[in-house]
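Thank you all for coming; I would like to take you through one model this morning, going slowly enough that you can follow each element on the screen. Please have the sequence and the structure open beside you as I speak.

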Amino acid sequence: MVSKQRRYDSLVRALHADIYRFAYWLCGDKHIAEDITQETFLRAWRSLDSLKDEKAAKAWLITILRRENARRFERKQFNYSDVEQEFIEDTFSGSTEEHAEQHLLRRQIAKLELEYREPLLLQVIGGFSGDEIASLLDLNRNTVMTRLFRARNQLKDVLEQPSHRGQSNG
Amino acid sequence: MDDLKFRRQAYSDPHNQDPEFLKAAMGSPEHDAFLNDLRKLDNKIEQALKVDVPDDLAAKLLLKQQLQQHHSQRRKTGFAFALVASVAFLAGMTFTLLRMAPVDLSQHALAHVYHEDKALHIDEDVQFEQVNFQLASLTGNPSMRFTQQPGKVFYSTYCDFQGVQSLHLVMQGEQGKVTLFIVPLEDRLVLEEAFADNKYKGMGFATDNAYMLLVGEQKQDLNFVKNEIKQSFI
């Protein structure tokens, strides 16, 4: 029991930030993200014995988290306009050029279709390879690479077209 | 690697470590600059994705798990308690049911005599008033009593006839001592008129309120005491 507790402690400390961020970018709301993270780790605790390899812990947690997130959709229809509000008030400080750019980028990431956004989150936050993302999302690798391509392409376009900035800030 | 393939791969994963991809990147300044741009973009994306994590999130996660753990342990304790309670209940029921099973008075009377051998060696010279007092406290029925001294009574005590409170007397027969059990009437008791083993002979009869069981070594002693009782007990 002690070693299970210790495993859980280190799991929480090592991965809670990544899991929370992944949840946040999945659902777009910091409170919901916190709830999902809580639920994810509780479930992880209950079935910690089924985690054999600590290296697989992150992928395992993300699988649990995605299931939790999907469950949320079953319970209640997701309101997209709320999400965008949340992104706007949450992140913008706007004092410097860099911040403005980051704000813009965050808005655009939030606006990405989930099918493009999710592989990007897994790659950048999760550090997963194309193959790993493919198995997590149950897609083939080519599809994953194409989606990653499109995701970055869209984000790059936005940053390179300043005209968008006025619109999106307006 | 052609240009299009290179660009696609660069977009898909700017940090791709595939040797062919890296070779293509270094093979042309254009590719190199293109890849550098994408890596810069990726750094920005990475920074943008790093939203603030609530300070106390890790602590909350641990606390929640501890609470849950505590809760499930309490549930387990509750289960254990229920289990123990069930076993106790079952044991109680079994005991009660056993006590309701028919009781063979004759066998029990013999066993009792052997068990309380010392009773046959005591002389307390008990008066019938005391016996009546014990009878009354046994049954709560003062009408069940001796009207006179039924010969000499050596010993008198309460005893348990498989759950039935009864009275254990040792009386003087014609020659030897006779043990008398007075057992209040109860449905589940089975009375035999005569019984015996190698050493003792036994006799049983019912009065209005009680079974009388006599155990002694000689038949005439039993008859003697029976007559005494018939004269003195109502």
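I will begin with chain B as a whole, then go through its sheet strand by strand, and end with the contact between the chains.

Please keep in mind throughout that this is a predicted model, and that what I quote has been computed from it.

Chain B contains 7 helices and 8 strands, and of its 234 residues, 28% are buried. If we take the contacts in chain B with a separation of 6 or more, 57% of them are between residues that lie 24 or more positions apart.

Let me turn to the sheet. In what order do the strands of the open sheet in chain B lie? The order is S2-S3-S4-S8-S7-S6, which gives an open sheet of 6 strands with antiparallel pairing. Its edge strands are S2, residues 153-161, and S6, residues 194-196, each of which pairs on one side only, and from one strand to the next the twist averages 20°. As general background, the strands of a sheet pair through backbone hydrogen bonds, in either a parallel or an antiparallel manner.

Within that sheet I would like to dwell on S4(B), which covers residues 177-184 and is mostly covered, with 7 of its 8 residues buried. On one side, S4(B) is joined by 6 bridges to S3(B), residues 164-172, and the two run antiparallel; a hairpin of 4 residues connects S3(B) to S4(B), and Leu169(B) stands opposite Leu180(B) in S4(B). S4(B) also pairs with S8(B), residues 210-216, in the antiparallel sense and over 7 bridges, and here the bridge partner of Val178(B) is Gly216(B) in S8(B).

Gly216(B) appears again in the next pairing, since it is also the bridge partner of Lys201(B). S7(B) and S8(B) run antiparallel and are joined by 6 bridges, with a hairpin of 3 residues leading from S7(B) to S8(B). Moving on to the edge strand S6(B), we find 3 bridges joining S6(B) to S7(B), again antiparallel; Ala194(B) has Met203(B) in S7(B) as its bridge partner, and 4 residues lie between S6(B) and S7(B) in the hairpin that they form.

Which helices lie across these strands? One is H5(B), residues 105-115, which lies across S2, S4, S6, S7 and S8 of chain B and runs at about 50° to S8(B). Another is H6(B), residues 128-139, which lies across S2, S3 and S4 of chain B and runs at about 10° to S2(B).

Now to the contact between the chains. It takes 25 residues from chain B and 34 residues from chain A. On the side of chain B that touches chain A, the elements giving two or more residues are helix H1 (3-12), helix H3 (29-49) and helix H4 (57-100) of chain B, and the largest share, 9 residues, comes from H3(B). By class, that side of chain B divides into 13 nonpolar, 4 polar and 8 charged residues.

One helix pair across this contact deserves a closer look. The axes of H8(A), residues 141-160, and H1(B) come within 7 Å and cross at roughly 80°, which makes H8(A) roughly perpendicular to H1(B). From H8(A), the residues Met145(A), Leu148(A), Phe149(A), Arg152(A) and Asn153(A) meet Arg8(B), Tyr11(B) and Ser12(B) in H1(B), and the contact of these two helices has 4 nonpolar, 2 polar and 2 charged residues.

I will finish in chain A, with H6(A). Why can we say that H6(A), residues 114-124, is largely enclosed by the rest of the structure? We can say so because 9 of its 11 residues are buried. The buried residues of H6(A) include Tyr116(A), Arg117(A), Glu118(A) and Pro119(A), together with Leu120(A), Leu121(A) and Leu122(A), and then Gln123(A) and Val124(A).

Conventions. Residues are numbered from 1 along each chain as its sequence is written. Chains are lettered from A and ligands numbered from 1 in the order in which they are written. This is a predicted model: local features need pLDDT of at least 70, side-chain atom pairs count only at pLDDT 80 or more; totals for chains, interfaces and linings use all residues. Two residues are in contact if their C-beta atoms, placed from the backbone, lie within 7 Å. Ala, Val, Leu, Ile, Met, Phe, Trp, Tyr, Cys and Pro count as nonpolar, Asp, Glu, Lys and Arg as charged, and the others, Gly among them, as polar. Axes are lines fitted to C-alpha atoms, for helices over the stretch in contact, and angles run from 0 to 180 degrees between N-to-C directions. Angles under 35 degrees count as roughly parallel, over 145 as roughly antiparallel, 65 to 115 as roughly perpendicular and the rest as oblique. A residue is buried if 20 or more other C-beta atoms lie within 10 Å of its own, exposed if 12 or fewer, and partly exposed in between; C-beta atoms are placed from the backbone. Two strands pair if DSSP finds at least two bridges between them.
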